[in-house]
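Student: Could we take a close look at one part of this protein together? I'd like to go slowly and see how some charged side chains pair up.

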Amino acid sequence: MPREEEKRELLEKFSSEPQKYYEVELFRREGFVRKRCEVCGRHFWTLDPSMERCPDHWGGRTFIGDRVTSRPFGYVEAWRNVEEFFVSEGHTSVPRYPVVARWRPDLYFTVASIIDFQRVEGGKVVFEFPANPLVVPQASLRFNDVENVGFTGRHYTEFVMIGQHALNDGRGYWKDRTVELDFRLLTERFGVRREEVVFVEDVWLGYGAFGYSLEYYVRGLELGNAVFTEFEGTPSDYRRLEPQVVDMGAGLERFVWLSQGTPASYDAVFAGELGELRRRLGIPRDEGMIARFFAASGKRDLTEATDPSAVMREVLAEAGIDEEEYERGVKPWVDLYAVLDHSRALLFAIADGALPSNVGGGYNLRAILRRAQGIIDANSWDLTLVDVAELIARSLRPMFPELLEAIPAFREVIDVELQRYRATKARVASIIEDIRRSGRRLTTDEAIRLYESNGVTPEMLVEAGVLTSVPMDFYSELARRHSTRPRERAERPPVDVRGLPPTRALYYEDQYATRCRSRVLRSYPEERAVVLESTIFYPRGGGQEPDRGLLGGFRVRDVVKVGGVVVHFLEGGTPSEGEVVECEIDEARRRALMRHHTATHIVNGAARRVLGPWVWQHSAFKEEGMARLDVTHHSALTREQLEAIERVANEIVQADIPVDVQVLPRGRAESLYGFRLYQGGAIPERELRVIRIGDFDVEACGGTHVRRTGEVGPIRILRSERIQDGVVRLEFVAGMRAVEHSIEQSRLIHEIADRLGAPPEQAARRLEELLGELEAKEGERRRLSSALASYVAALGPRGELEGRPIYAVALEGVPQRTLIEIGDAVSRSVPEAIYLGISVIREEGRSLLVIISQGGRPDAGELAARALGALGGRGGGRGRIGQGSVPRALSLDEAIAALRGGARGRPHAY
């Protein structure tokens, strides 16, 4: 069943029993009455008995230009009042979580405050609260309304959701207190009149859980939504969630806007920034025109429109503004609002370690970055995104001081992205021109494919006249495709382990132990596999390859984990069930794997220190012979950066820092170490195995590690490459593998030095000298080629082919490129000539041949193929140059005769 249909049916179900689901003590005590909207049919609760329409269809007084709260509140001030109110009512104020939702395997970004406290286990959502009840100012990112940002006066890609959350477990609370607190927040703290507050019945359907909700409005403006998550499962198969969850999310931007009553929300939210930018850019402002425009545009939604241009015409007509007035007096403000919002979204994302890219959620960041920069360019503003971000960071410093600290990183990332953006604009000019000439109308899907494959933004297409306007659903569709992570398919278990207890992991109890005895719980003769009661064999996982060794006399070829059960795959046979077997791992392999896995943590931490805070582990692989680490970074690494990473990594090794292993409840681990824990992605476990290397690095990891960094031994980075946009790969070795690599490198250097006739320490200098000599000889060779070309031209033609003179030369022992250089010079001197050059390589018993025909007429490749065929050789080409070889010494006369004989038509001699 489609999601919207499910929600509609749920709303009908819940609204059919209002006393059970929606009526709360506040409604009874204060005298709220339940009404049904005469337009849409939704039910709502109000203190005004005459109200016949819900807030979405309310035709009463607006808050714009009116005083609804006791006084105007600034952005930070509004949050402080919310925070003080809830703390005074027994809530813990929790700092915001990152906007990059690394604890969720299905999301790129934090889209609501409740996401902070959701974890996914076994395919379902569980709730974990660090305090109960709590309040949090959660910065959130959503990209489904990008087209509306700036235009409607109320949409954002980044906003702060005031999260009021509680568990109904005796310490928290449930519906009555939730609605009571929200009502009092509005009326007592913000001074809204009781009669202005309206509650609307709704439902919420999430990932594995759902419930009913009450949205609360003041003068038609939705401020928050109190969701009561009472059920887990799906609407067709559910049970009561224990404990039930209060998920109240309110828009901080809405509270500020309500208190100031400005025409657009942005005027209140970005008041200080707009004042500075208005002075800097000198943008005129007609308050009456601005107010009329947003009064009209605020009723629209471009993502739902079939023709955005028609919507704009309707808005201008309703506002009484002509197109020229709009372009001069309104559009600059619409544009500036969008730049402010997009800059703030990018600032939060980059501060929290995300990078714009063409991969995953980075698509949406790059899209708004290029949209914002395109707006700045179109207006010819003397302004940068970094300028805007710095203004925002200073304004939000009392709430989010980390934003100002992130400005240097923000500047570096934006500079790199803008270089790519400008390079893209230059590169795609021909693509856009081809589309423009074809005259065809692009669909949204085609426009998205152009963006995904070539970086062509819709604004570029509009600027070129290919599109009349940005497709109304371009950004929302792009966001839909790139806002959630693809769910990994669960692989079919290699054997059936149902009914078996979890395997005792001896490899965690003592990672240095190499032997154990254990009983066979289950044997799979066909698969040649066994499950033991306990095992010393580490199974493949976390990017680490499994142990090898002997089990009951059989060689272990693979080890995998199915749930909590470790399965061993053997060669040659299997022991019997109930048998107690001797197990022995390959000690050298285990030690190499431990060193490489610990080295991976060290290299990751070193890369973050050297490159920047946006560095996160993207993936990793550790085997006996080497390790590979993919990290998020905006550019390919330089030799200097690689050397710096290697140096920092080896300093950590030399410091011999303890590698501590702790098994902690997930909530405790997160409160201690934050979300740097999730370097390898979300971990669906209640308890996390935390690997901590002093203050240098901390990660949740299931691998085997050494006890101190000194045991890792030297670390050598072998190579690096940029494997995809925003991801760089580092390959490295540690311990004896690093020693062996250094010895091999030293041997090669000594061999090269010997060949150069210099000691190793002077090999580079000697090589430079030789390169200088080669360069001098190359210059001499080019000068000789030019002189030979003049000589060939001075000798005059050696015949004629299809009315064109043949100029020819025969040389000995020169490469084909020299023949081509001579021919190019002859062609420049005598453009109408056909050039023939041969070089006899006597020691190899062959001759090289080159034909050049300026303009490709006749086709030099065809001439070469026929002439070489007649001479017993092979070759060809296309257009201007033909070339090949003959397996014998060739005379110039033979070559000319073959060329003339291969021509179509009769050749003429002089």
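Which residue forms a salt bridge with Asp-547, and how far apart are the closest N and O atoms?

Tutor: Sure, and keep in mind that this is a predicted model. The partner of Asp-547 is Arg-590, and the closest N and O atoms of this salt bridge are 2.5 Å apart. The pair links distant parts of the chain: Asp-547 sits in the loop between β15 (534-535) and β16 (549-551), while Arg-590 belongs to helix α21 (residues 587-611), 43 residues apart. Now, buried or exposed? Asp-547 has a relative accessible area of 1%, so it counts as buried. Arg-590 also comes out at 1% relative accessibility, so that residue is buried too. As for the pairing itself, side chains of opposite charge can pair when their charged atoms come close.

For a bit of context, the whole structure has 87 salt bridges. Another one brings together the side chains of Asp-66 and Arg-219, at 2.8 Å from N to O. Asp-66 is in the loop between β2 (43-46) and α4 (75-88) and Arg-219 in the loop between β9 (209-218) and β10 (221-234), so this pair ties together parts that are 153 residues apart in sequence. Here the burial is mixed: Asp-66 is partly exposed at 29% relative accessibility, whereas Arg-219 is buried at 8%.

Then there's the salt bridge between Glu-287 and Arg-285, with the closest N and O atoms 2.8 Å apart. Glu-287 is partly exposed at 43% relative accessibility, but Arg-285 is buried at 16%.

Note on methods:
Residues are numbered from 1 along each chain as its sequence is written. This is a predicted model: local features need pLDDT of at least 70, side-chain atom pairs count only at pLDDT 80 or more; totals for chains, interfaces and linings use all residues. Side-chain values use heavy atoms; hydrogens and water are left out. A salt bridge is a side-chain nitrogen of Lys or Arg within 4 Å of a carboxyl oxygen of Asp or Glu. Helices (H or I, at least four residues) and strands (E, at least two) are DSSP runs, numbered from the N terminus. Buried means under 20% relative accessible area, exposed over 50%, partly exposed in between (1.4 Å probe, protein chains only).
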